[in-house]
Amino acid sequence: MRRNPRGAVGKRNEREKAELSPTPFKRARSLPKAPDPYTGRRAPCIKAELSPTLLRGEREWISPERRANIYDIMNAPTLQKEDIARLLPPRPRDCSKRDNGKGLLIAGSAGYSGAAVMAACAAMRAGVGTLKVIVPASVSDALYALPEAMCVRYPAEDWDEGAAEFVRPYLLEATAVAIGPGLGRGAGREALLHAVLSAGKPAVVDADGLFALSKREAMRAALHENVVLTPHLGEMERLTGIPAGEIAKRQEELAARFASEWGCTVLLKNYESVVAAPDGRIFRNVTGNPGLAKGGSGDVLAGMVLALLCQGLAPVDAVCAGAYLLGASADEAMALLRERMLLARDVIEAVEITLDKLI
């Protein structure tokens with residue numbers, strides 16, 4: 001539009017601009033027509049709080065201070081079954097456990113042994129070659145439930161300042177690492193996280209690992225392109241200082257912004273999740289159901305992403321596949337169990353069915 005609005009539209013715009021009382025939230029249908037995109041001149045207009053656009057270039061026609069309110073609905077393609085199938089082809093018959101990576105899981109604390117067990121079980125089910133799980137002495141007995149994993153017992157009842165040095169040799173031999181499920185929030189956690197990030201290996205930071213990251217802003221300088229952060233809205237609020245409600249409204253934009261700022265992949269979890277890579281790629285996952293709104297779902301996801309990193313997937317691909325598989329497996333499990341009855345371990349059992357359907 002290269003002229004001022006006329007007739008009823010123009011009169012309405014003038015009337016809205018003249019009103020002194022607050023106006024309701026306004027959502028534009030497309031590019032606000034106030035600025036002439038060729039000359040930059042402004043006509044009388046309604047200031048919209050949110051503007052969808054099909055053309056990314058339209059952002060350049062908006063003043064910098066307003067660009068944060070432009071929501072590009074073309075930015076985030078929805079993950080499809082075919083996308084994930086391409087990432088997870090059938091394994092060759094002659095593959096060995098060495099081909100599928102050495103996973104390292106640092107998890108658990110007194111009272112939170114289940115998180116370590118579920119993350120470990122999910123990693124095994126998702127195909128990691130071998131898995132070592134480092135847990136405090138108070139948690140080690142719980143790992144007897146999963147004989148396929150190798151339990152490494154930290155010789156103290158809880159994590160402490162010596163834990164970071166204890167895990168370093170295991171970090172050196174690992175293909176990828178996950179830290180956070182059930183880790184707790186006491187002494188030694190921040191040093192543990194720093195040791196993981198400093199190793200430079202593909203790494204999943206979840207749950208209490210994210211809490212440790214939020215406590216030391218300087219540690220974000222250690223984030224790198226092989227790191228995956230998996231915050232839900234509350235954890236993202238702690239990391240960014242932005243209210244969770246605002247994050248929910250601007251999920252794609254904020255996931256992309258902080259993936260770029262932090263230089264790592266961000267999986268922003270919600271009832272529909274957003275995956276943002278540091279290079280600007282964004283994806284949306286819509287698999288899953290309310291049965292996942294229970295304790296343990298995030299631990300299962302962390303274990304699955306760890307396994308996929310160990311098998312050689314790039315961080316953004318591992319997160320896309322992990323998020324899709326978690327939701328699709330929950331959908332499979334809910335076909336047998338109602339959502340209120342669904343447990344995180346039911347999702348783990350359904351992973352095999354989901355993987356079979358990808359082939």
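The following dialogue concerns a predicted model and the reasons behind the terms used to describe it.

Visitor: Why is Ser214 called buried?

Guide: Ser214 has a relative accessible area of 17%. Buried means under 20%, so Ser214 is buried.

Visitor: Where is Ser214 placed, and which residues is it in contact with?

Guide: Ser214 belongs to helix 6. Leaving aside neighbours within four places in sequence, Ser214 is in contact with Arg220, Arg238 and Leu239.

Visitor: What makes helix 6 "mostly covered"?

Guide: Helix 6 spans residues 208–215, and seven of its eight residues are buried. These are Asp208, Gly209, Leu210, Phe211, Ala212, Leu213 and Ser214. Their cover includes strand 6 (176–179), helix 5 (189–198), strand 7 (203–205), strand 8 (227–229) and helix 7 (233–240).

Visitor: What makes the charged end of Arg185 sit "over" the ring of Phe211?

Guide: The charged end of Arg185 is 4.0 Å from the centre of the Phe211 ring. The term requires CZ of Arg to be within 6 Å of the ring centre and within 35 degrees of the ring normal. The distance of 4.0 Å satisfies the first condition, and the charged end is described as sitting over the ring.

Visitor: Which residues of helix 7 are buried, and how do you know on which side of the helix they lie?

Guide: The buried residues of helix 7 are Leu233, Glu235, Met236 and Leu239. They cover an arc of only 155° around the axis, which puts them on the same side of helix 7. They pack against helix 6, helix 8 (244–249), helix 9 (251–262) and strand 9 (265–268). Just after helix 7, Gly241 takes a positive phi of about 80°.

Visitor: How many aromatic pairs are there, and why is the pair of Tyr154 and Trp159 called stacked?

Guide: The structure holds four aromatic pairs. In one of them, the rings of Tyr154 and Trp159 are 5.6 Å apart centre to centre, with 20° between the planes. Rings pair if their centres lie within 6.5 Å, and planes under 30 degrees apart count as stacked. The values of 5.6 Å and 20° meet both limits, so this pair is stacked.

Visitor: What term describes the pair of Phe258 and Trp262, and why?

Guide: The centres of these rings are 5.0 Å apart and the planes are at 35°, so the pair of Phe258 and Trp262 is tilted. An angle under 30 degrees would count as stacked and one over 60 as edge-to-face; 35° is neither. Phe258 and Trp262 both lie in helix 9, four residues apart, about one turn of the helix.

Visitor: Are the four residues of these two pairs buried or exposed?

Guide: The relative accessible area is 6% for Tyr154, 4% for Trp159, 6% for Phe258 and 10% for Trp262. Each value is under 20%, so each of these residues is buried. Tyr154 and Trp159 also form one aromatic cluster with Phe166 and Tyr170.

Visitor: Which residues touch the most other members of the largest nonpolar core?

Guide: Of the 57 residues in this core, Leu88, Leu105, Leu131, Val133, Met304 and Leu306 touch the most other members. The largest share of the core, 11 residues, comes from helix 11. Leaving aside neighbours within four places in sequence, the contacts of Leu131 include Leu105, Ala120, Met150 and Leu306. A second, separate core of 46 residues includes Leu104, Val167, Ala195 and Val205.

Technical notes. Residues numbered from 1 in each chain as written. Predicted model: local features only at pLDDT ≥ 70, side-chain atom pairs only at ≥ 80, totals over all residues. Heavy atoms only, no water. Buried < 20%, exposed > 50% of the residue type's maximum accessible area, 1.4 Å probe, protein only. Helix = DSSP H or I, 4+ residues; strand = E, 2+ residues; numbered from the N terminus. Contact = heavy atoms within 4.5 Å. Arc of directions from axis to C-beta. Phe/Tyr/Trp six-rings, centres within 6.5 Å; stacked < 30°, edge-to-face > 60°. Core = buried A, V, L, I, M, F, W, Y, C linked by side-chain atoms within 4.5 Å.
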